[in-house]
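Reader: I am new to this. Can we go through the terms one by one, with the reasons behind them?

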Amino acid sequence: MNEIVVIIGGGIAGMEAAGQLLKLGYTPFLIEKSDKLGGNVAQWHRLFPDMTPSGDIISTLYESCRDANIFLNTEIYSINRLKDRYNLILSNGVTVSTRYILITTGFELFDASKKEEYGYGIYNHVITNADLEQWFNGHSDERIDSSSINSVGFVHCVGSRDEKAGNTQCSKVCCITAIKQAMELKEMYPNSQVYCFYMDLRLFGKKYEDFYTKAQRDYGIHFIRGRVSEVGENIEGKVVVKAEDTLSGRPIRVTLDLLVLMSGMACCKDSSLASSLGLSIDSDKFLQSSDNILHITSSPKKGVYYAGACTGPKTVPETLAEARSAVLEIHNSIISEKG
Ligand SMILES: Cc1cc2nc3c(=O)[nH]c(=O)nc-3n(C[C@H](O)[C@H](O)[C@H](O)COP(=O)(O)OP(=O)(O)OC[C@H]3O[C@@H](n4cnc5c(N)ncnc54)[C@H](O)[C@@H]3O)c2cc1C
Ligand code: SF4
């Protein structure tokens, strides 16, 4: 069964798919544009809802896909279709011919500096959820004064559910990520006051509601329903946040040592791959599946499949399940064409 399958994107979706294809006896080519596998998850610290170290997940996936043909620092230079085959030239000069392409190019974090009113890149102590994960992972960040963290705020829905930001959709993972990060900070600074400013909490997944209850009951995290109306900086360089608590109807003003913006999952800015394969973009700007119920991992182009966050915001378990599902679709197609 020496069928070659080209996987574009070496995040967890691409790694899981490569591992599954190897188990089925196929020859996966895994193309990753950066210098390492793991994608966004490799930047995270611990994963909700079990607080699993993300490094453990990446190591497990790497063990299963290490025998694939892995190309790091590599992109697709060109793709030509001839009947049912795709001929790819990679940026390193390697050429590959295949009937099956699996796209696992994932997402990019919404650029928080586009929401100027929150002061990212302007005020000293305003960071994003991704910056905080990096800091949890031991990377120093001059915007975080680890000797003085007495009060922290989280702003939900940054760049999501926001027409002005060009994205009306919910990013799905950031409510639970804010709760996870708030709890991690509370563990490090038990005496600090931590506030989550939310529009409404979207906690749909297994154990997520328990997580929320625990955050309030055991960690004393304050959940404030209301949009942040203004962010500024006082003379001491602290962040000043104004909001309206829409449950009590009262205006709120808090002074914080750190403000964390929950940037949403946005589509990849580079659309060259989609256009060279003639793939459609959905109204949410992610790649469009054949349909959103039965064929979520299929594209309208023969032999081209999707898995993971390239079609929209996904959690890690959803991404891994989609990768397995896409591999099964490819396997079934190979079998039916042989038979
Ligand atoms: C702040 C934050 C925290 C999160 N925490 C959790 C959590 O605790 N638990 C959880 O379940 N989920 C979490 N998630 C969601 C999780 O990050 C995603 O489910 C996961 O990253 C999706 O994996 P993926 O492989 O589809 O995409 P990605 O992780 O985006 O990987 C895509 C890969 O493709 C590569 N690529 C892109 N374009 C190309 C190209 N043209 N050629 C070659 N390579 C390319 C990229 O470099 C990248 O390596 C979090 C999300 C955010 C924003
Ligand atoms: S998951 Fe929560 S924070 Fe993220 S966009 Fe949806 S409602 Fe907003």
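Author: Start with a definition: a residue is buried if 20 or more other C-beta atoms lie within 10 Å of its own, exposed if 12 or fewer, and partly exposed in between. Keep in mind that this is a predicted model. Now apply the term to β1: 4 of its 5 residues are buried, and the strand is mostly covered.

Reader: What makes β2 "largely enclosed"?

Author: The count of buried residues does. In β2, 4 of the 5 residues are buried, so the rest of the structure largely encloses this strand.

Reader: How do you know that β1 and β2 pair?

Author: Count the bridges. Two strands pair if DSSP finds at least two bridges between them. β1 and β2 have 5 bridges, in the parallel sense. Valine 5, for example, has proline 28 in β2 as its bridge partner. Isoleucine 7 stands opposite leucine 30 in β2.

Reader: Why is asparagine 73 called exposed?

Author: Asparagine 73 has 11 C-beta neighbours inside 10 Å. The cut-off for exposed is 12 or fewer. Therefore asparagine 73 counts as exposed. This residue lies in the loop between β5 and β6. Its phi is near 50°, a positive value in a residue other than glycine.

Reader: What makes lysine 83 exposed?

Author: The test is again 12 or fewer. Lysine 83 has 6 other C-beta atoms within 10 Å, so it is exposed. Lysine 83 sits in the loop between β6 and β7 (85–90). Its phi is positive too, about 55°, although lysine 83 is not a glycine.

Reader: Why is glutamate 75 called partly exposed?

Author: Glutamate 75 has 16 other C-beta atoms within 10 Å. Buried needs 20 or more, and exposed needs 12 or fewer. The value falls in between, so glutamate 75 is partly exposed. Its place is the loop between β5 (69–71) and β6 (76–82).

Reader: What does glutamate 75 touch, and how do you know that these are contacts?

Author: Leaving out residues up to four places away in sequence, glutamate 75 touches Lys33 and Ser91. A contact needs C-beta atoms, placed from the backbone, within 7 Å. Asparagine 92 can be placed as well: C-alpha to C-alpha, glutamate 75 and asparagine 92 are 8.0 Å apart in space and 17 residues apart in sequence.

Reader: How do you know that the span of helix α1 is close to the expected one?

Author: Set the two lengths side by side. α1 (residues 12–23) has 12 residues. At 1.5 Å a residue, 16 Å is expected, and the helix reaches 17 Å from its first C-alpha to its last.

Reader: What makes α1 "mostly covered"?

Author: In α1, 10 of the 12 residues are buried. Among them are Ile12, Met15, Glu16 and Leu21. The cover over the buried residues includes β1 (4–8), β2 (27–31), α2 (54–65), β9 (100–103) and α7 (316–338). Just after α1, glycine 25 takes a positive phi of about 90°.

Reader: What makes the bond between phenylalanine 48 and proline 49 stand out?

Author: The peptide bond is cis, with omega about 0°. Proline 49 lies in the loop between β3 (46–47) and β4 (52–53).

Reader: Which residues come nearest to ligand 1?

Author: Of the 38 residues around ligand 1, the nearest are Gly9, Gly11, Gly39, Gly106 and Gly308. Elements giving two or more residues to this shell are α1, α3 (129–136) and α7. By class, the shell has 18 nonpolar, 15 polar and 5 charged residues.

Reader: How do you know that the shell around ligand 1 draws on both domains?

Author: At least three residues come from each of domain 1 (4–107 + 267–338) and domain 2 (110–265). The domain centres, taken over C-alpha atoms, are separated by 32 Å. Across the boundary, 10 residues of domain 1 are in contact with 18 residues of domain 2. The touching side of domain 1 has 6 nonpolar, 3 polar and 1 charged residues.

Reader: Which residues are around ligand 2?

Author: They include His156, Cys157, Cys170, Cys174, Cys175 and Arg202. β12 (151–158) and α4 (174–188) each give two or more residues to this shell. Its classes are 5 nonpolar, 4 polar and 3 charged.

Definitions and conventions
Residues are numbered from 1 along each chain as its sequence is written. Chains are lettered from A and ligands numbered from 1 in the order in which they are written. This is a predicted model: local features need pLDDT of at least 70, side-chain atom pairs count only at pLDDT 80 or more; totals for chains, interfaces and linings use all residues. The expected span of a helix is 1.5 Å times one less than its number of residues. Two residues are in contact if their C-beta atoms, placed from the backbone, lie within 7 Å. A residue is near a molecule or strand if its C-beta atom, placed from the backbone, lies within 6 Å of it. Ala, Val, Leu, Ile, Met, Phe, Trp, Tyr, Cys and Pro count as nonpolar, Asp, Glu, Lys and Arg as charged, and the others, Gly among them, as polar. Domain bounds come from an automatic or database domain assignment.
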